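Student: Hi! Could we go through this model together? I have a few quick questions.
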Amino acid sequence: MPPFDDEHIGIRIAAQRKRAGLTQQGLAQRIPYSYSLLRHVESGHKSASPQFVAAVTRALGIDTAALTGQHSPSPRPGRVTSLVQPVREALDLFDLPPDPHLPTAPPQELAAAAEALCRDVRGARLYQAATALPALLADLTAACREHPTTELWRALASACRSAHDVTTKLGCYDLATVALDRMGRAAEHAGDPLLGAIRQYKRALSYRSRDAEHRIGLRMVAAGHEMLRQTGESTESLAVAGQLHLGAAVIAARAGDRGAVESHLERAGEIARRTGEVGSVHWLSFGPANVGAHEVFARLELRQYDEALAAARAVRPPHGWAASRRAALLVDRARAEMETGRAEAALASLAKARELAPQQTRFHPRVRETVNGLLNLRRRSPDALTRMAAWVGV
C-alpha cells in the first residue's frame, strides 16, 4: 500500500472539515479519537494513521483520496477533455498538405473568424472559443498552403495564439506550447515582427513557475525586444515592448529578484505614460492599467501583500478592458486580501471574478490556492465559501 502523504494530510483534513461546517471539536465527537489528536494531526505535529484517516473519511462522507492526495481527480471536467482533443488534432495539420476534398472559406471570412475568436477569448468565453478553434485552424492552415498571403498567415498566427490562450486557461499546458510553436512559424511567414515579439512574450510566461529556469524566460523576452528593432518606433511597437517588460517583471518575481522586478516595472510604466491605454495590438492591450495588474501579480510573488493590495486598489480599468483581464485582476486582488486578513473581501472578489468570467475563474490555479487559504483561516466555513470550494473542486 502506498504511504500516506503526511506532509499535507492535516491540511486536507482541516479543509474538508471546514467544508462540512464542523469545528475541530465537532469532528472529534464523530470519530473514536480525541480532540487533542485531531488538533495535532491538522497542525502537522502528529502523523495520521490509516485507521485515523478511515475514521475521518467515514465521519465526513468523503473518499480516502481526498485526504491522502492519491489518485486526485483532475479539476478539469470531461467536457474540457472532449473540447481540447479536436484542437490538438487541428494543430497537427500545420505541416500536412491540405485535404483536397474539403472546401475552404474565402480569406476575408477566415480573417473575420479569427478576429471573432479573439473576442471570445478576451471575453473569457473559453468553451465557445474551444469549439470554434478546430475548424478555423484547419481552414486557415489549408488556405495558407493553397493561397498564401500576409493576411492569411497573420490570421493563422492569431488563431494559434487564441489556441494557446484557451488551452493555458483550461490547464492544458503541453498543448499550449504546441500552439505557440505554430504561432511563431505563422508569424515568420507573415513577416510580422510584432506578432513574433508577442509570441516571445507568451512563450516567456511559461517560465514563470517556481521550478523553471528563469534565465531562459528572460532570454525569450530579450529575443522579443530584438524583433521589435526591425519595426522602428511606433505606438504599437512601444506597447509590445512594454508588455515584454511586464513579462520580465513576472518572471523575475518568481525568481525572487526584487531589483529586476522594480526595474522592469519602472520601464513598463515609463512606456505606458507615453502610450496611454492602447486598446489592441494584435489583440494585446497595454497601458497603465495593465502595468498595475502585472505589479499586483509580481508583489504577490514577492510576498509583499500590503503593496499588492494597494496596487490592486489603484488599478483603474479602462473602458472596454477585457472581461478576462478584469477577472484575473480580481483573482489576484482576492489573494492579496486573503493574505492581509480580509477573508470576506477576498471571497467577494472571487465571487465577482466568477460572475465576470466563470469558465476562466473555475480553472485558475490561484483561485484554488486562495480558496484553500480561506478554508484554512476559518474555524468553520460559511456557506458561500463552501459553495465556492465545491465549484472549483477543492
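Student: Is Val296 buried or exposed?

Tutor: Happy to help, and keep in mind that this is a predicted model. Val296 is buried, with a relative accessible area of 0%.

Student: Where does Val296 sit, and what does Val296 touch?

Tutor: Val296 belongs to helix H15, residues 288-301. Leaving out residues up to four places away in sequence, Val296 touches Ala308, Ala311, Ala312, Leu329 and Asp332. Asp332 lies 36 residues from Val296 along the chain, with 6.9 Å between their C-alpha atoms.

Student: New topic: how many disulfides does the structure hold?

Tutor: Zero.

Student: Why is Cys118 without a bond to another cysteine?

Tutor: Because the closest cysteine sulfur, that of Cys160, is 11 Å from the sulfur of Cys118, which is too far for a bond. A disulfide here needs the two sulfur atoms within 2.5 Å. Cys160 is in no disulfide either, and its nearest cysteine sulfur, in Cys144, is 9.0 Å away.

Student: And are Cys118 and Cys160 buried or exposed?

Tutor: Cys118 is buried at 2% relative accessible area, and Cys160 is buried at 1%.

Student: Now the helices. How do H20 and H21 pack?

Tutor: H20 (residues 365-377) and H21 (residues 383-392) pack at an angle of about 145°, and their axes are 10 Å apart. Their crossing is left-handed.

Student: Which residues make that contact?

Tutor: H20 contributes Val367, Arg368, Val371, Leu374 and Leu375, while H21 contributes Leu385, Met388, Ala389 and Val392. By type, eight of the contact residues are nonpolar, one is charged and none is polar.

Definitions and conventions. Residues are numbered from 1 along each chain as its sequence is written. This is a predicted model: local features need pLDDT of at least 70, side-chain atom pairs count only at pLDDT 80 or more; totals for chains, interfaces and linings use all residues. Side-chain values use heavy atoms; hydrogens and water are left out. Axes are lines fitted to C-alpha atoms, for helices over the stretch in contact, and angles run from 0 to 180 degrees between N-to-C directions. Helices (H or I, at least four residues) and strands (E, at least two) are DSSP runs, numbered from the N terminus. A crossing is left-handed if the near helix is turned anticlockwise from the far one by less than a right angle, and right-handed if clockwise. Contact means heavy atoms within 4.5 Å. Ala, Val, Leu, Ile, Met, Phe, Trp, Tyr, Cys and Pro count as nonpolar, Asp, Glu, Lys and Arg as charged, and the others, Gly among them, as polar. Buried means under 20% relative accessible area, exposed over 50%, partly exposed in between (1.4 Å probe, protein chains only).
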